[in-house]
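Please open the model in a viewer, with the sequence panel visible, and follow the selections below in order. Each stop names what to select and then describes what is found there.

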Amino acid sequence: MEGDERKRVLVVGGSGYLGQHLLAALASGGDVDVAFSHHRDAAPRQLLDALPGIRAFRVDLRSGDGLEAVSASFGQPHVIVNCAAISVPRACETDPAAAMATNVPSSLVNWSLSFGNDKSLLIHLSTDQVYEGVKSFYKEEDETLPVNMYGKSKVAAEKFITEKCSNYAILRSSIIYGPQTISPVDKSLPIQWMDDVLSQGQEVNFFNDEYRCPVYVKDMVDVILSFTKSWLSDGKKVQVLMNIGGPDRVSRLQMAASVANVRGYSHSTIKSVPASSVNRGVASPPDISMDITKLTQMLGIQPITFHDGVRATLDAEAST
């Protein structure tokens, strides 16, 4: 990285859940120029008001419309973090063409290549749903055999990036949970939803046979900041594929039990059911828990336990 030039970070999909948490962390650091893209007509006003130093650009990831405005007004980003995706599996199943067009970031990658140099690092959010889900604690080198269109689109994205980009960090993320964002997102947040339904004292069904390694949002942000800081400080070649999850393999049933334990709710309303009891209109992998040895050894980051993450999430909600 040359001289004293201010470093630039672009967060694609910055108005989403992870994107907003990442923007807040980057803004608090103050040592880089930060911009984000959004796909709606206007960026969230609450977000712009809370983070006044950050630039917003409307970008259509499918066509690439709007990326040239980023080049002209912001400049070539030194780091591009791609948080944008159609991440609801049923939506991907319903419209596979849209899933592929959005989740494979071809316009974004081709735009980054158009600068004609190796000065940009792409940090791309992938998913644990690239794995088939027939065993526990998948490693990065295990075969990817997704069972749904969401996973297939993410495998295609990984292939495209590894073939095209000189420098990349592909992060296979589990469920990301944590506090609400500056500008509240539309989607239901898992811990808050469980807290809400359990607080009402009515019986609720939770799957007992699908396992993930949920990751606390601040741990995911720390991973992205770690890659960002290393790249900005030394610019050494980066070609990394990494599982990002928490240390605990949990079912939805166990997640609900953790929320009940932290809140002091009765467990009598938590009903254990198999995933097959509900037709979700899309195949779901049974066990996509992940081995995170690479994360802990390469970055020295130890994600917090699920129980501690639930407590931190609910404490944060209580303070806002």
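Select T228, which is found in helix 9; helices (H or I, at least four residues) and strands (E, at least two) are DSSP runs, numbered from the N terminus. T228 counts as buried because its relative accessibility is 4%, where buried means under 20% relative accessible area, exposed over 50%, and partly exposed in between (1.4 Å probe, protein chains only). Not counting residues up to four places away in sequence, T228 touches V9, V79 and I123; contact means heavy atoms within 4.5 Å.

The model is predicted: local features need pLDDT of at least 70, side-chain atom pairs count only at pLDDT 80 or more, and totals for chains, interfaces and linings use all residues. Residues are numbered from 1 along each chain as its sequence is written, and side-chain values use heavy atoms, with hydrogens and water left out.

**The nonpolar cores**

Keep I123 selected and add L18, V81, L171, M220, I224 and F227; these residues have the most contacts inside the largest nonpolar core, which has 44 residues. Helix 9 (residues 217-234) gives the most to this core, with 9 residues. A nonpolar core is a set of buried Ala, Val, Leu, Ile, Met, Phe, Trp, Tyr and Cys residues joined through side-chain atoms within 4.5 Å. Now centre on I224: leaving out residues up to four places away in sequence, I224 touches L18, L22, V81, I123, L125 and L171. Another core, of 22 residues, lies apart from the largest one and includes V12, V109, C165 and I170. In soluble globular proteins, nonpolar side chains tend to be buried together.

**N82 in strand 4**

Move to N82, in strand 4 (residues 79-82). Is N82 buried or exposed? N82 counts as buried, because its relative accessibility is 0%. Its side chain has a polar atom 3.2 Å from the backbone nitrogen of A84. A polar contact is a pair of N or O atoms within 3.5 Å; within protein, one must be able to donate a hydrogen and the other to accept it, and residues adjacent in sequence count only if both atoms are side-chain atoms. Beyond four places in sequence, the residues that N82 touches are V12, L61, P105, L108, L122, I123, H124 and L125.

**Helix 7 and its surroundings**

Select residues 149-164, helix 7: at 1.5 Å a residue, its 16 residues should span 22 Å, and the end C-alpha atoms are 22 Å apart, which agrees. The expected span is 1.5 Å times one less than the number of residues. At the N-terminal end, N148 caps helix 7, with a side-chain oxygen 3.4 Å from the backbone nitrogen of Y150.

Colour the buried residues of helix 7: M149, Y150, G151, S153, K154, A157, E158, F160 and I161. Their cover includes helix 4 (89-94), helix 5 (96-103), helix 6 (106-113), strand 5 (121-127), strand 6 (168-173) and strand 11 (239-244). A156, also in helix 7, is partly exposed, with a relative accessible area of 23%. Leaving aside neighbours within four places in sequence, A156 is in contact with M100 and V104.

Next, display helix 6 with helix 7: they pack at an angle of about 10°, with their axes 11 Å apart. Axes are lines fitted to C-alpha atoms, for helices over the stretch in contact, and angles run from 0 to 180 degrees between N-to-C directions. The two helices, helix 6 and helix 7, are therefore roughly parallel; angles under 35 degrees count as roughly parallel, over 145 as roughly antiparallel, 65 to 115 as roughly perpendicular and the rest as oblique. At this interface, S106, V109, N110 and L113 of helix 6 meet F160, I161 and K164 of helix 7.

**Helix 8, helix 12 and V259**

Finally, select helix 8 (residues 190-199), where I191, Q192, M194, D195, V197 and L198 are buried. Just after helix 8, G201 takes a positive phi of about 75°. Add helix 12: the axes of helix 8 and helix 12 come within 10 Å and cross at roughly 75°, and the two helices are therefore roughly perpendicular to each other. I191, Q192 and D195 in helix 8 meet F306, V310, T313, L314 and E317 in helix 12.

End at V259 in helix 10, which is buried, with a relative accessible area of 0%. V259 and M194 are 65 residues apart along the chain, and their C-alpha atoms are separated by 7.0 Å. Apart from neighbours within four places in sequence, V259 is in contact with I191, M194, D195, L198, Y265, V310 and L314.
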